[in-house]
Amino acid sequence: MPQVFKTLYPTTRVIIDCTEIPNERPSSLALNSKCYSTYKSTHTFKSLVGIAPHGALIFISSLYTGSMSDVEITKLCGLVELLEEGDSIMADKGFVLNNVLSGTGITVNTPPFLMNKGQFTKQEVEETQTIAGLRIHVERHIRRVKEFHLFDRPIPLSMVGSINQIWTVANIMTLFRGPLVKQWQ
């Protein structure tokens, strides 16, 4: 485990983030609304990806419909069941996992919320910058997957049966492109 994690976040087992890939617009109204992502303003599939603190890819969820929240996907994908009591997850502010992790002994490290305070304290700003600096590696992994340009165009609905396998292979292929994390500070 890199020294920065040993010092600041020693129980971190996984750093997570969700990403979306576009898919064709379904003709079914029910499926149409389930696939529509308000964040991307289009129809998408969505997946959760996790990397270890040292930068290795350790978790790839199945693809879910674009309307599902990051929290719902985290709850359903099986990641929490793989973790142990005392572990922690590092994520961005969108992952409000208190209810999902309740009673598991697993914690989540996210940047602080502003709430009604007006502005962050100096300590909160530093914590936000630290977590953002450590989380950048999961975002780099996602970028590397998308650099294959397999998901630039909307996924045809005729590929729904095999898109999970293609998504998984694309994630694994990034492991052959050299190290994600060259050097920790």
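This passage describes the nonpolar cores of a predicted model and several residues in and around them. Residues are numbered from 1 along each chain as its sequence is written, and side-chain values use heavy atoms, with hydrogens and water left out. Local features need pLDDT of at least 70 and side-chain atom pairs count only at pLDDT 80 or more, whereas totals for chains, interfaces and linings use all residues.

The largest nonpolar core (buried Ala, Val, Leu, Ile, Met, Phe, Trp, Tyr and Cys residues joined through side-chain atoms within 4.5 Å; buried being under 20% relative accessible area with a 1.4 Å probe, protein chains only) has 20 residues, and Ile21, Met90, Phe151 and Trp167 have the most contacts inside it. At least two residues of this core come from each of strand S1 (12–22), strand S3 (42–51), helix H6 (122–146) and helix H7 (163–173), helices being DSSP runs of H or I with at least four residues and strands runs of E with at least two, numbered from the N terminus. Helix H6 supplies the largest share, five residues. A second, separate core of 19 residues includes Ile16, Phe59, Leu83 and Ala91.

Phe151 lies in the loop between H6 and H7 and counts as buried because its relative accessibility is 6%. Not counting residues up to four places away in sequence, Phe151 is in contact (heavy atoms within 4.5 Å) with residues including Ile21, Ile163 and Trp167. Phe151 and Trp167 are 16 residues apart in sequence, with their C-alpha atoms 8.9 Å apart in space.

His141, in helix H6, is likewise classed as buried, at 3% relative accessibility.

Definitions and conventions:
Buried < 20%, exposed > 50% of the residue type's maximum accessible area, 1.4 Å probe, protein only.
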